[in-house]
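Here is a short walk through one protein fold. Keep the sequence and the model side by side as you read.

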Amino acid sequence: MSAYLSRLIRIQPTLNPRITPFTSAIRRQSTMSSPPTVTKTATCLCGSVSFTSTGVDKGSVLCHCSNCQKFGGGPFMHNTRLIQAENKFTRGEEILKKYEDRDTKNGNVLERYFCGNCGSPMMFKSPNTPGLVVLQSGTLQEQQQPRFELYGENRHGWIPDLTAKKAKM
Ligand SMILES: [Zn+2]
Ligand SMILES: [Zn+2]
């Protein structure tokens, strides 16, 4: 076996299949005239709400803003962004509830959607950015490594940098 091959085999097991490599996403986009779309399925904890969102994948981000901390009930939120997106409900559209968050850091109104039965945070939309759907990554089967962080100045000191940018170095 050549030295090159044995090196390649040694490297392979370290690749994490759950993480979509950022570079291959860029390559896909630059070789096609219209950007590729993906379909993601979001389901809440109790299963009452389920929908698919189809759009152009803009990757996931961590948001450390205090509103996301409260809404998500954790130290930050992990959000997956699609643009030019369309939602199709399998079930539970009538159960979904909306909270209009008007006290955001950038001043935009953020519509925060959650299951009216179990309370799972599911999605953000904003009238300021039509076509943008931000899915709460915990509702999805596959969760991407975040590309960058929002409001990093709010990040708790005990949380390391989890973004793809730094992790590659
Ligand atoms: Zn639910
Ligand atoms: Zn936020």
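Start with strand S6. Four of its five residues are buried, so S6 is largely enclosed by the rest of the structure. Bear in mind that this is a predicted model.

What flanks S6? On one side of the pairing list is S5, which runs antiparallel to S6 over four bridges. Within that pair, Tyr-113 has Met-123 of S6 as its bridge partner. S5 and S6 form a hairpin with five residues between the strands. In this hairpin, Gly-119 takes a positive phi near 85°. S6 is also joined to S7, again in the antiparallel sense, by two bridges. Here Phe-124 has Val-134 of S7 as its bridge partner.

Now step back to the whole chain. The protein has four helices and eight strands. Along the sequence, their order is α-α-β-β-α-β-β-β-β-β-β-α. The protein has 169 residues, and 22% of them count as buried. Take the contacts with a separation of 6 or more: 56% of them come from residues 24 or more positions apart.

Next, the interior. In soluble globular proteins, nonpolar side chains tend to be buried together. The largest nonpolar core in this model holds 16 residues. Which of them touch the most other members? They are Met-122, Met-123 and Val-133. Four strands give two or more residues each to this core: S3 (77-91), S5 (110-115), S6 (121-125) and S7 (133-136). S5 gives the most, with four residues.

Val-133 shows how this region is knitted together. Leaving aside residues up to four places away in sequence, Val-133 touches Ser-53, Gly-55, Leu-82, Ala-85, Asn-87, Met-123 and Lys-125. Apart from the largest core lies another, of six residues. Val-61, Leu-62, Cys-68 and Phe-76 are among them.

Finish at a loop. Leu-45 sits between strand S1 (37-43) and strand S2 (50-63). Is Leu-45 buried or partly exposed? The neighbour count settles the matter: 13 other C-beta atoms lie within 10 Å of Leu-45, so it is partly exposed, since a buried residue needs 20 or more and an exposed one has 12 or fewer. Beyond residues up to four places away in sequence, Leu-45 touches Cys-118 and Ser-120. Leu-45 and Pro-121 are 76 residues apart in sequence, yet their C-alpha atoms are 9.5 Å apart in space.

Methods. Residues are numbered from 1 along each chain as its sequence is written. Chains are lettered from A and ligands numbered from 1 in the order in which they are written. This is a predicted model: local features need pLDDT of at least 70, side-chain atom pairs count only at pLDDT 80 or more; totals for chains, interfaces and linings use all residues. Two residues are in contact if their C-beta atoms, placed from the backbone, lie within 7 Å. A nonpolar core is a set of buried Ala, Val, Leu, Ile, Met, Phe, Trp, Tyr and Cys residues joined through C-beta atoms within 7 Å. Two strands pair if DSSP finds at least two bridges between them.
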